[in-house]
Amino acid sequence: MISSGTTACHPDHAALAPDAAARRDAMRERIADALSSFAAKADAHRLARSLSAVMQGISVQARDGATPMELQEIVEEVVSGVEARRPTGRTKTFIAPEE
């Protein structure tokens, strides 16, 4: 998992940590790009950092045994918050992809 990979690792694997951090940064950039259609650049980056933190938390919750329904509840709360930020007049809705 990119979210929690090498956040805490044995010193023998410390050289891998910068790569994992770079991958997390790239993921945040992709999220910010996706949000740029309805948010100012600074807002999109700030929101992307928040969403990344939630995604990382969800990965920990999943690892610790949270059920798919419990994880979906988290997603629904976050999506509601993101949708509330959408400017009026936009009709696009954020829906989690079907599995």
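**Helix packing in a predicted three-helix model**

Reader: Where in this predicted model is S37 found, and what is its relative accessible area?

Author: The model is a predicted one, and S37 is found in the loop between α1 and α2. Its C-alpha lies 9.7 Å from that of R86, although S37 and R86 are 49 residues apart in sequence. S37 counts as partly exposed because that class lies between the cut-offs of 20% and 50%, and the relative accessible area of S37 is 44%.

Reader: What pattern does the protein chain follow along the sequence?

Author: The secondary structure of the protein chain comes to three helices and zero strands. Of its 99 residues, buried ones make up 21%, and among contacts with a separation of 6 or more, 42% join residues 24 or more positions apart. Read along the sequence, the pattern is α-α-α.

Reader: Are α1 and α2 parallel, antiparallel, perpendicular or oblique to each other?

Author: Two packed helices are described by the angle between their axes and the distance between the axes. The axes of helix α1, residues 17-35, and helix α2, residues 41-63, come within 8 Å and cross at roughly 125 degrees. An angle counts as roughly perpendicular from 65 to 115 degrees and as roughly antiparallel over 145, so the relation of α1 to α2 is oblique.

Reader: What is the handedness of the crossing of α1 and α2, and how do the residues of their contact divide by class?

Author: As α1 passes α2, the crossing is right-handed. From α1 the contact is made by R24, M27, R28, E29, I31, A32 and L35, and from α2 by A44, H45, L47, A48, R49, L51, S52, M55 and Q56. By class, the residues of this contact are nine nonpolar, three polar and four charged.

Reader: Is R28 buried or exposed, and which residues does R28 touch beyond four places in sequence?

Author: R28 lies in helix α1. With a relative accessible area of 15%, R28 falls under the 20% cut-off and is therefore buried. Not counting residues up to four places away in sequence, R28 touches A48, R49, S52 and Q56.

Reader: What is the relative accessibility of S52?

Author: S52 lies in helix α2. Leaving aside neighbours within four places in sequence, S52 is in contact with R28 and I31. S52 counts as buried because its relative accessibility is 1%.

Reader: Which residues make up the largest nonpolar core?

Author: In soluble globular proteins, nonpolar side chains tend to be buried together. The largest nonpolar core here has 11 residues in all, and α1 and α2 each supply at least two of them. One member of the core is A44, which, leaving aside neighbours within four places in sequence, is in contact with A32, L35, S36 and A39. The full membership of the core is M27, I31, A32, L35, F38, A39, A44, L47, A48, L51 and V82.

Reader: How is α2 oriented relative to α3, and how many nonpolar, polar and charged residues does their contact have?

Author: α2 and helix α3, residues 68-85, pack with their axes 10 Å apart at an angle of about 170 degrees, which means that α2 is roughly antiparallel to α3. R46, L47, L51, V54, I58, Q61 and A62 in α2 meet L71, I74, V75, V78, V82 and R85 in α3. By class, this contact has 10 nonpolar, one polar and two charged residues.

How values were computed. Residues numbered from 1 in each chain as written. Predicted model: local features only at pLDDT ≥ 70, side-chain atom pairs only at ≥ 80, totals over all residues. Heavy atoms only, no water. Axes fitted to C-alpha atoms, helices over the stretch in contact; angles between N-to-C directions. Helix = DSSP H or I, 4+ residues; strand = E, 2+ residues; numbered from the N terminus. Parallel < 35°, antiparallel > 145°, perpendicular 65-115°, else oblique. Left-handed = near helix turned anticlockwise from the far one by under 90°. Contact = heavy atoms within 4.5 Å. Nonpolar A, V, L, I, M, F, W, Y, C, P; charged D, E, K, R; others polar. Core = buried A, V, L, I, M, F, W, Y, C linked by side-chain atoms within 4.5 Å. Buried < 20%, exposed > 50% of the residue type's maximum accessible area, 1.4 Å probe, protein only.
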